[in-house]
Amino acid sequence: VQLQASGGGLVQPGGSLTLSCAASGGILSINSMGWYRQAPGKQRELVAVIRSGGSTNYVDSVKGRFIISMDNAKNAVSLQMNSLEPEDTAVYYCYLINRVPPGGAYTYWGQGTQVTVSS
């Protein structure tokens, strides 16, 4: 399984960006997809997750500003980021949890994409 992330870049505070991540390869059954981020000098944190049934969770700092969505047919996940703040600056990583019968799971990671929020 390979994940290809795209959409990062430089944006001014208050601006918007959309990150995309497409999975390909031996996907059996997706449990969930999502995004982590890691800012310089900080630990990686879970930003948003969407499960195969459609439920979502967000870290408190992005609630109301970010929207995660998944295209099941394309095995892809997107993160629409609005009202960006300098504190959102980080490398963003997408991931996919693939169900592995019987009862197991495996996590795949995409390459990071840099998001920089600066004037």
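Accessible areas here come from the Shrake-Rupley method with a 1.4 Å probe, and for residues only the protein chains shown count as cover. This is a predicted model, in which local features need pLDDT of at least 70 and side-chain atom pairs count only at pLDDT 80 or more, while totals for chains, interfaces and linings use all residues. Residues are numbered from 1 along each chain as its sequence is written, and side-chain values use heavy atoms, with hydrogens and water left out.

**View 1. The accessible surface of the whole protein comes to about 6,200 Å².** Of this surface, 48% belongs to carbon and sulfur atoms. Of the 119 residues, 37% count as buried, where buried means under 20% relative accessible area, exposed over 50%, and partly exposed in between (1.4 Å probe, protein chains only).

**View 2. Cys 21 and Cys 94 form a disulfide, with their sulfur atoms 2.1 Å apart.** A disulfide is taken as a pair of cysteine sulfur atoms within 2.5 Å, and a search of the whole structure finds 1. The pair links distant parts of the chain, since Cys 21 lies in strand E3 and Cys 94 in strand E9 (residues 90–100), 73 residues apart; strands (E, at least two residues) are DSSP runs, numbered from the N terminus. The torsion about the S-S bond is about 55°, so the disulfide is right-handed. Cys 21 is buried, with a relative accessible area of 1%, and Cys 94 is buried at 0%.

**View 3. Leu 28 sits in the loop between strand E3 (17–24) and strand E4 (30–38).** Leu 28 is exposed, because its relative accessible area is 59%.

Terms used:
Helix = DSSP H or I, 4+ residues; strand = E, 2+ residues; numbered from the N terminus.
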